[in-house]
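Q: Please take a close look at a single part of this structure and describe how it is built and what surrounds it. A connected account would be preferred to a list.

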Amino acid sequence: MENFVLDTSVFTNPDVYETFGEKDQLGAVENFIHLAIHSGANFYMPSSVYDEMLKMVELGPFSAEFEMVVKIRSPRKYNVRIPSEVLYELIEEIRHRINKGLRIAEEHAKEAGKLTEVDVGKVINRLREKYREALRQGIIDSREDVDVLLLAFELDGTIVTADEGLRRWADKVGIKFINPKNFRGILESLIKHKSATK
């Protein structure tokens, strides 16, 4: 039986939740619940991710059903063992990104020194964008990301996320992941396969 570990992006990213045939999050949640119940798969979400999702998605009448279908469970952090090489790679990547961020800041500081006060504001905005991109894009950068990664590692599960960093690090660690835009199709295929084998 397949174990899916869900990230908030399944229900908060419009490009993803609209694949469930709905223009709003609540309709997507309702359709997901219906498909999940009949799929025969297991669904998990770390409690930190669930808390984060609840800040962005009002489950309303589907709250109890969601918790019935999706097991809210944190990884067993003290029991999960990951290769030390992963930690070394993470530290090396963070160091590289910090250095890249510093170079970006230096370039923009030099540019700002030559400008009027009005133009300095524009430079600062560009600095923020490039700095954020250099430091955060393509890396696991939150406790929630780590919880998803560890839980999927522990359960030998498949991560469902639109987060580029989480997908990249899942690949490094050898964790299965799927494109969340295909999630509905995968659930429908599981349902067809399940009914065909009865």
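A: Among contacts between residues at least 6 apart in sequence, 70% join residues at least 24 apart. The model is a predicted one. Its protein has 198 residues, of which 38% count as buried, and contains 10 helices and five strands. About 11,600 Å² is exposed, with carbon and sulfur atoms supplying 51% of that area.

The part taken here is the sheet, with the loop after S1 and the helix H4 that lies across three of the strands. The sheet is open, and its five strands follow the order S3-S2-S1-S4-S5 with parallel pairing. At its edges are S3 (70-72) and S5 (176-178), each of which pairs on one side only. From one strand to the next, the twist averages 30 degrees. S1 and S4 (residues 158-160) run parallel and are joined by three bridges. Across this pair, Leu6 stands opposite Val160 of S4.

S1 covers residues 3-6, and Asp7 sits in the loop that leads from S1 to helix H1 (9-12). Asp7 is buried but has no salt bridge. The nearest side chain of opposite charge belongs to Arg167, 9.4 Å away, whereas a salt bridge would need a nitrogen within 4 Å of a carboxyl oxygen. Leaving aside residues up to four places away in sequence, Asp7 touches Met45, Val49, Val148, Val160, Thr161, Asp163 and Leu166. Val160, one of these contacts, is also the residue that Leu6 faces in S4.

Another of the residues touched by Asp7, Val49, is one of the buried residues of H4. This helix spans residues 47-56 and lies across S1, S2 (42-45) and S3, at about 75 degrees to S2. Ser48, Tyr50 and Met53 of H4 are buried as well. An α-helix has 3.6 residues a turn, so residues three or four places apart point the same way. The cover over the buried residues of H4 includes S1, S2 and S3, together with H1, H5 (63-69) and H8 (143-155).

Between H8 and S4 there is a loop that holds Asp156. The phi angle of Asp156 is near 50 degrees, a positive value in a residue other than glycine. Is Asp156 buried or exposed? With a relative accessibility of 56%, Asp156 counts as exposed, whereas Asp7, in the loop after S1, is buried.

Notes
Residues numbered from 1 in each chain as written. Predicted model: local features only at pLDDT ≥ 70, side-chain atom pairs only at ≥ 80, totals over all residues. Heavy atoms only, no water. Helix = DSSP H or I, 4+ residues; strand = E, 2+ residues; numbered from the N terminus. Buried < 20%, exposed > 50% of the residue type's maximum accessible area, 1.4 Å probe, protein only. Lys, Arg positive; Asp, Glu negative; His and termini not counted. Contact = heavy atoms within 4.5 Å. Pairing = 2+ DSSP bridges. Axes fitted to C-alpha atoms, helices over the stretch in contact; angles between N-to-C directions. Areas by Shrake-Rupley, 256 points an atom, 1.4 Å probe, with all protein chains shown as cover.
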